[in-house]
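Me: I'm new to reading protein models. Could you walk me through a few features, one at a time?

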Amino acid sequence: MIAKKKCAIVLKTYAWDSFVQLQLQRLQSTFPENDIFISIDETNGFTGTIPYERVLRTCNADMLALGFANRFEKGSLLWWNADYTHYQVQSRIPDYDYYLFVEYDACIAGDGTRLLADMIADEADFVSHPLDAGPTWYWHRFHTGIYPAGQLRASLNCISFFSRRALTHLAQRRRAMSANMDETGFWPLGEAFVASEVAAADLTFIPLARYGDVSRYSWFPPILSTDLVLPQSGHTFLHPVLDQKRYIASLLRQTHFVRHYFMRGSMLRRELRRFPGAVSRRQLYRAAMLRAAERLRQICGNP
């Protein structure tokens, strides 16, 4: 008798609060037959007691101890190299055939048992949402020295499914690059690294859209958690789903929405009316200045 393939579900987060707990409960409802783990980044400090038995705590130092380079071009180590955490998870819970990683601000609606069965039946090594990595992609020009001549791929990995062999291969590639990191001019972003290395190794990369609706799976606009209505049938993938505080912060990070706030009928003005007193004019000006500075860096060719 062939043994049933085992898949671990991993909720990735950097904080523990009532919203993240709600996201965990949603995963438990979608995947009632699977072991669900929390992978929490404590680089900025201990997040406190989590009333759950399967918690994998991590930080930057753990990644370096595993042989991964202390390299990133923007943000922070585990923001830029979001895949690093996946390899630590596999090393700590190695007895699974597959791993499904779900960021704290992503949601999966539908029958999780059926979803995983379909992915496994397809012999998928990697399931994610492909991005157009062509010249119009902002990060394209930075990666051409690493993945030239049409080798560059990219994917939005907020929801990502891996076979054991795919994670093992990717970890080996990251370690090999880390050992020779002085030879790497631009350190590859996780979204580019994973998809490009999977393709180069001829592993099976299946688009997330094969398994359900991805029409609201992107970077923007965000979805307010209290507005979320999950469909009764089929599979739906959503991102980003946020609580009120994070939802407002996401709106303010978008330059064009901040810039247009003072225009009558602007989307941002309409949205913020839903949360009276939540944002001051000073916060709006500060957000606009920060985004303008970021836009200037992009124009100048800096990450």
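Me: Let's start with helix 8: how many of its 11 residues are buried?

Reply: A residue counts as buried when its relative accessible area is under 20%. This is a predicted model, and in it helix 8 is mostly covered, with 9 of 11 residues buried. They are Gly190, Glu191, Ala192, Phe193, Val194, Ala195, Ser196, Glu197 and Val198.

Me: Okay, and what comes after helix 8 that I should look at?

Reply: Look at the backbone angle phi. Most residues other than glycine have a negative phi. Asp202, which follows helix 8, has a positive one. The value is about 60°, and Asp202 is not a glycine. You'll find Asp202 in the loop that runs between helix 8 (190-200) and strand 8 (205-207).

Me: Is Asp202 buried or exposed?

Reply: Exposed means over 50% relative accessible area. Asp202 has 68%, so Asp202 is exposed.

Me: Which phi does Glu123 have?

Reply: Glu123 isn't a glycine either, and its phi is positive, about 55°. Its place is the loop between helix 5 (112-121) and strand 6 (126-131). Glu123 counts as exposed because its relative accessibility is 58%.

Me: Now for peptide bonds. What kind of bond runs from Phe220 to Pro221?

Reply: Here's the general idea: most peptide bonds are trans. The bond from Phe220 to Pro221 is cis, with omega near 5°. Pro221 sits in the loop between strand 9 (213-217) and strand 10 (223-224).

Me: And which bond joins His239 and Pro240?

Reply: That one is a cis peptide bond too, with omega about -10°. To find Pro240, go to the loop between strand 11 (236-239) and strand 12 (241-242).

Me: Back to helices for a second. How many residues of helix 4 are buried?

Reply: You read helix 4 by counting its buried residues. Helix 4 covers residues 84-92, and 7 of its 9 residues are buried, which makes helix 4 mostly covered. The buried ones are Tyr84, Thr85, His86, Tyr87, Gln88, Val89 and Gln90.

Me: What about the start of the chain: where is Ala3?

Reply: Ala3 belongs to the segment before strand 1 (7-13). With a relative accessible area of 62%, Ala3 is exposed. You can also compare separation along the chain with separation in space. Ala3 and Phe186 are 183 residues apart in sequence, and their C-alpha atoms are 43 Å apart in space.

Me: Let's zoom out. Which domains is the chain divided into?

Reply: There's domain 1, residues 7-242, and domain 2, residues 255-300. One way to place them is by their C-alpha centres, which lie 29 Å apart.

Me: How many residues of each domain are in contact?

Reply: From domain 1 there are 6, and they are in contact with 5 residues of domain 2. You can also ask how much area the two bury between them: it's about 460 Å², with 55% of that on carbon and sulfur atoms.

Me: What is the count of salt bridges between domain 1 and domain 2?

Reply: The count is 1. As an example of how to read a salt bridge, take the side chains of Arg274 and Asp227, which meet in one at 2.9 Å, N to O. On the side of domain 1 that touches domain 2, sorting by class gives 3 nonpolar and 3 charged residues, with no polar ones. Polar contacts are tallied as well: there is 1 residue pair of that kind between domain 1 and domain 2 with both residues at pLDDT 80 or more.

Terms used: Residues are numbered from 1 along each chain as its sequence is written. This is a predicted model: local features need pLDDT of at least 70, side-chain atom pairs count only at pLDDT 80 or more; totals for chains, interfaces and linings use all residues. Side-chain values use heavy atoms; hydrogens and water are left out. Buried means under 20% relative accessible area, exposed over 50%, partly exposed in between (1.4 Å probe, protein chains only). Helices (H or I, at least four residues) and strands (E, at least two) are DSSP runs, numbered from the N terminus. Domain bounds come from an automatic or database domain assignment. Contact means heavy atoms within 4.5 Å. Buried area is the accessible area (1.4 Å probe) that two parts lose on being put together, summed over both. A salt bridge is a side-chain nitrogen of Lys or Arg within 4 Å of a carboxyl oxygen of Asp or Glu. A polar contact is a pair of N or O atoms within 3.5 Å; within protein, one must be able to donate a hydrogen and the other to accept it, and residues adjacent in sequence count only if both atoms are side-chain atoms. Ala, Val, Leu, Ile, Met, Phe, Trp, Tyr, Cys and Pro count as nonpolar, Asp, Glu, Lys and Arg as charged, and the others, Gly among them, as polar.
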